[in-house]
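Morning, everyone. Let me walk you through one structure today. Please have the display open before I start.

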Amino acid sequence: MTRFRLSLKLLWRDARSGELTLLALALLIAVGGTTSISLFADRLQRTMNLQAAEFLAGDLVLAGPAPVDPQWLAKADEYALSGSQTVEFPSMLLENGEMQLASIKAVSETYPLRGRLKTRDAELQDEVVSSRGPAAGEAWIDKRLLPALKLKLNDTLTVGEKVLKVTRVISYEPDKRGDFYSFSPRVMMHLDDLAATGAVQPGSRVHYAYQFRGSENALADFKAWLQPNLNPSQKILDIHRDRPELGSALQRAERYLGLSSVVVTLIAGVAIAMATRRYSERHFNATALLRCLGCTQAEIVRLYAAQFLVLGLIVSAAGCALGWLAQYGLFRLLKNLLPETLANPGGLAIVYGLGTGLVILWGFALPPLLRLQAVPPLRVLRRELEPLPSSGWLVYGLAAAVVAALIWRYTDDPKLTGAIIGTGLLVLLIFGLAIHTILQLSRRLLPRLGLHWRFGLRGLLRDSRAGVGQILAFAITLTAMALSFSVRSHLLDDWRRQLPDRAPNHFAINILPSSLADFQTDLQREQIPDSRFYPVVRGRLVAINGEAVQGRVSKDSQGEAATQRELSLTWSDRFPEDNQITDGAAWQADRPGQVSVEKKLADNLGIRPGDQLAFTVGNAQLAATVVNLRSVQWDTMRPNFYMIFSPGTLAGFPATYMTSFYLTEAQKTVLPPLLKKYPAVTVLEVDQILQQFRTILAQLTAAINLILYFALAAGFSVLFGAVYSTLDQRIYEGALLRTLGARRRLLRIAHLIEFGVLGLAAGLLATLAAESILYALYTRVMQIDYQVHVYLWLTLPAAGVAGVTLAGYWGVRDVVRQAPLRVLRR
Amino acid sequence: MINTHSNHSASAIINARKLGKAVPTSEGTLHILASVDLIIKRGESIAIVGESGSGKSTLLSLLAGLDTPSSGSVEIDGRDLNRLNEDGRALLRNELVGFVFQSFQLLPGLTALENVMLPLELSGVADAEQSARALLQRVGLAQRLQHTPRQLSGGEQQRVALARAFVSRPAILFADEPTGNLDRKTGAKVIDLLFELNQEQQTTLILVTHDMSLAARCQRTIRLEAGSIV
Ligand SMILES: Nc1ncnc2c1ncn2[C@@H]1O[C@H](COP(=O)(O)OP(=O)(O)OP(=O)(O)O)[C@@H](O)[C@H]1O
Ligand SMILES: [Mg+2]
């Protein structure tokens with residue numbers, strides 16, 4: 001107990017005298033960075049799950065072609081999940097002598113579990129948001145059905161054998177399925193009316209969906225229970241499966257954030273190691289005395305371990321608080337962008353932050369700290385006696401273990417973790433050897449250099465082990481930061497490209513050729529920019545080189561989906577902007593009978609340039625020769641097509657036109673009159689989805705920037721850590737040289753040279769390392785063409801020289817300032 | 001076995017036999033001490049004198065168990081240091097030995113009081129503070145208890161060091177040029193105190209010094225020349 005008190009006392013004194021400041025700062029940064037990121041990511045994830053759940057109208061959806069075993073629903077009850085049910089099927093509607101195929105959706109009382117329905121009146125005004133579907137006996141219908149079936153509100157509509165009253169026009173349905181171009185207009189009705197329609201018979205095409213809502217754990221348990229019971233035709237939908245574009249953006253960002261916090265940890269760890277090195281060196285004397293007074297080695301370890309434990313706990317707690325604040329501030333900043341329903345930050349992240357703090361501290365501080373137990377007591381008489389430096393295996397091994405554990409946590413991939421750590425250690429080893437050799441060589445050069453250079457380089461060569469260590473530390477730091485920056489810009493560019501500020505947020509389909517010109521004029525008058533108008537002919541791909549297409553596809557593939565339904569066929573003499581020819585000849589489109597095929601579909605179906613494709617359009621046949629394959633960016637919100645024909649190929653087939661355009665919030669008022677004027681046209685409003693996507697990206701971007709600030713702060717702590725770790729020796733030597741008559745100018749220039757060379761070496765190494773890692777990352781992981789980052793070659797060495805020189809110069813300013821006598825007497 | 005040893009030389013608290021120390025250097029082995037035999041009786045005060053570099057500090061460090069000899073052996077209170085490991089010697093030091101150094105060697109982070117309490121705390125004594133206060137009073141620093149070494153003059157620091165050395169009532173006190181860093185007058189005061197305390201506690205004193213007048217105050221003087229007693 002008294003020992004522990006002694007530990008606390010020593011810790012308190014050290015803290016007060018500033019011995020621990022840098023150490024604590026580095027740890028604070030590491031813990032603050034990781035905690036804020038894990039808190040943020042955790043909270044974002046849960047908020048987004050809430051949002052994404054809207055698009056499923058539930059947290060979890062079980063879908064299939066037949067009703068499920070009632071026992072399953074009972075099971076869901078057991079897990080305290082609330083549930084709803086929808087049944088969708090196509091049905092031909094006949095009213096007022098008109099015929100129209102519609103998609104009927106019967107919904108239970110509790111539908112939608114997540115998200116809201118929006119309906120309007122016949123004038124397409126007066127939008128009402130509601131959290132339940134139509135009452136029994138009523139039907140809500142798609143606007144398109146009004147003209148198509150010559151209906152008005154409050155008319156009756158017969159679905160199968162059931163007569164319903166049309167009460168509202170449905171304008172938004174959270175869980176609408178199917179692609180933008182091909183769905184029949186909706187009729188929504190109450191589930192209780194379903195049986196009376198008689199429309200659902202064995203063998204009819206019906207889509208049953210069961211939505212569930214509840215706590216994450218219960219959902220996970222239920223899902224785990226369901227999975228083994230599913231038959232092949234049944235599917236579980238959750239956000240990651242159903243919203244791939246969101247899922248992948250999130251996943252990439254999460255990985256990036258996770259790895260960035262590892263980067264912060266690594267950099268801060270380097271600073272911690274350096275600060276602890278200085279700490280232990282400054283405690284050699286005290287330790288020797290304690291040994292002299294009878295402390296055993298174990299007691300010495302316990303004494304310091306207790307101090308570091310307390311320090312670790314206090315600073316980690318502060319780091320958690322900092323992380324929480326940073327995360328809170330971030331969410332505050334983004335308040336306008338965020339949905340009202342924000343998930344609360346998870347408490348687990350705090351516990352994790354505390355744990356991380358201790359692990360980081362021990363991982364990086366233990367080796368230099370352990371050195372203290374080996375301080376010989378004889379040091380009280382012979383000051384030059386120093387304990388052996390801690391073994392490199394221990395230093396790098398422990399640090400690598402900590403970093404590996406963190407990377408593993410974020411990637412969940414032992415192989416990848418192993419690869420990263422292995423490569424990292426190999427690079428370190430090679431670099432270490434290289435630096436060592438270079439230092440040895442320059443030692444030979446020393447006598448031939450001028451005075452300033454000799455003094456400057458001698459500073460580096462003084463202790464070549466320490467010199468190598470310092471250059472490596474700076475190089476690691478710079479590499480980590482360069483990687484962080486490059487990947488960040490890559491991510492952000494990618495998102496910006498995907499979603500430019502004025503990305504189209506509305507699709508207009510079904511524009512009749514007769515009203516095309518008017519529609520275009522109307523858009524122009526409202527100054528609404530469109531992304532070209534494309535003709536659309538619905539047709540089905542039936543054969544490739546005379547061979548029926550059905551046999552060529554694997555089940556559940558994109559190809560299967562494409563061959564089972566009609567495709568939107570278009571013609572054009574030029575491709576949409578972002579399409580790129582990947583194979584085959586240029587698009588001349590000089591005669592009919594040519595077609596360009598989207599690359600992935602082509603790969604899936606084994607289509608090559610030169611192949612003959614056969615289509616059916618209505619009852620007619622159509623043949624075309626594949627000229628080339630094209631890559632398509634589906635997520636740009638512009639019209640895109642699997643098949644583009646040369647003009648003239650589709651002549652004579654009935655076509656409608658489609659486009660997409662961007663509307664500001666204020667411009668949305670033009671929609672109702674437009675829709676009224678062109679009853680056949682359907683406008684799909686994707687602005688909400690886009691807005692959601694954008695807010696998520698904004699949040700992620702902010703988080704990414706935040707983590708960069710932490711990385712930057714950690715980088716500075718390394719700079720100062722490195723400078724301070726050799727400060728005592730420098731001050732002493734400086735004083736000595738000055739008593740021997742060296743002028744301050746000489747010392748200053750020598751310092752500049754030393755730090756400049758140090759920074760340059762670190763910068764060059766970092767450039768090499770960053771380039772190789774980015775190369776591997778881009779070509780192997782992201783599969784992108786690699787280009788040499790010229791800016792890296794310029795900025796990294798420059799940043800190295802500037803950063804190290806400035807920090808070093810500032811750090812050692814005392815060396816030339818203090819009176820030599822005072823220093824030497826100490 | 002320990003018992004037979006104690007009986008064998010009941011009055012000898014330190015028994016050094018054929019003590020030698022050699023260190024390898026780039027110019028071959030350097031023999032610092034060669035075959036030193038020395039028996040120091042309980043309660044005796046002994047001065048070690050000799051020119052700079054003659055091996056005085058080396059001998060002291062071997063006798064105190066701070067370092068291990070290349071040859072020969074040292075027994076303290078009947079215990080053979082060669083048979084103890086580093087930690088065993090540390091415990092022995094804690095139990096039996098006090099030190100005063102030329103460069104004071106106070107912990108800069110602790111106050112005078114805390115510095116003096118340190119050896120007691122390390123051996124787990126309960127009323128460390130009381131004893132420490134008493135001793136600081138004894139060396140005339142009752143008013144400076146809460147001052148850190150930096151706030152004390154050299155002479156005061158050495159008095160704190162004296163208090164620390166005596167507070168655990170060690171059987172043996174090793175002093176390596178305790179006045180080396182002090183001016184004559186201050187040094188004399190410190191030495192007076194040292195001898196007074198030594199008298200009071202009947203401590204065995206081994207004092208390394210250049211100062212012959214100081215050596216004369218000890219019961220016995222041994223002279224080292226090039227690592228041998230002459
Ligand atoms: N570990 C060592 N390695 C090399 N030389 C050593 C070592 N320890 C002691 N010496 C040398 O042994 C000699 C004796 O040293 P020691 O410190 O015992 O002398 P001293 O008599 O105490 O001198 P002073 O009066 O100057 O303190 C010196 O020349 C010293 O340099
Ligand atoms: Mg000496």
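I'll begin with chain A, then turn to where chain A and chain B meet, and end on one residue.

A caution up front: this is a predicted model.

So, chain A. There are 826 residues in this chain, and buried residues make up 53% of them. The fold has 25 helices and 22 strands. Along its principal axes, the C-alpha trace spans about 110 × 65 × 50 Å. The accessible surface of chain A is about 37,100 Å². Carbon and sulfur atoms hold 58% of that surface.

What about contacts inside chain A? Take those with a separation of 6 or more: 81% of them join residues 24 or more positions apart.

Now the interface. How many residues does each chain bring to the contact? Chain B brings 28, and chain A brings 23. Together the two chains bury about 2,400 Å². Of that area, 63% lies on carbon and sulfur atoms. Three residues stand out on the chain B side: B:Gln105, B:Glu121 and B:Leu122. They supply 26% of the area that chain B buries against chain A, more than any other three residues.

Next, the polar side of the story. Between chain B and chain A there are 8 residue pairs in polar contact, counting pairs with both residues at pLDDT 80 or more. Which elements of chain B take part in the side that touches chain A? Four of them supply at least two residues each: α2 (56-63), α3 (86-96), β6 (97-101) and α4 (112-122). The top contributor is α3(B), with 6 residues. Sort this side of chain B by class, and you get 11 nonpolar, 9 polar and 8 charged residues.

On to charges. The interface has 6 salt bridges. One of them pairs the side chains of B:Glu114 and A:Arg13, at 3.1 Å from N to O.

Last stop: A:Lys9. Find helix α1 of chain A, residues 2-16; A:Lys9 lies there. Is A:Lys9 buried or exposed? It is buried, because its relative accessible area is 16%, and the cut-off for buried is under 20%. And which residues does A:Lys9 touch, leaving out those up to four places away in sequence? They are B:Leu110, B:Glu114, B:Met117 and B:Glu121. Two of those names came up earlier. B:Glu114 is the salt-bridge partner of A:Arg13. B:Glu121 is one of the three residues that supply 26% of chain B's buried area against chain A.

That's my tour. Thanks for listening.

Technical notes. Residues are numbered from 1 along each chain as its sequence is written. Chains are lettered from A and ligands numbered from 1 in the order in which they are written. This is a predicted model: local features need pLDDT of at least 70, side-chain atom pairs count only at pLDDT 80 or more; totals for chains, interfaces and linings use all residues. Side-chain values use heavy atoms; hydrogens and water are left out. Contact means heavy atoms within 4.5 Å. Buried area is the accessible area (1.4 Å probe) that two parts lose on being put together, summed over both. A salt bridge is a side-chain nitrogen of Lys or Arg within 4 Å of a carboxyl oxygen of Asp or Glu. A polar contact is a pair of N or O atoms within 3.5 Å; within protein, one must be able to donate a hydrogen and the other to accept it, and residues adjacent in sequence count only if both atoms are side-chain atoms. Helices (H or I, at least four residues) and strands (E, at least two) are DSSP runs, numbered from the N terminus. Ala, Val, Leu, Ile, Met, Phe, Trp, Tyr, Cys and Pro count as nonpolar, Asp, Glu, Lys and Arg as charged, and the others, Gly among them, as polar. Buried means under 20% relative accessible area, exposed over 50%, partly exposed in between (1.4 Å probe, protein chains only). Accessible areas come from the Shrake-Rupley method with a 1.4 Å probe; for residues, only the protein chains shown count as cover.
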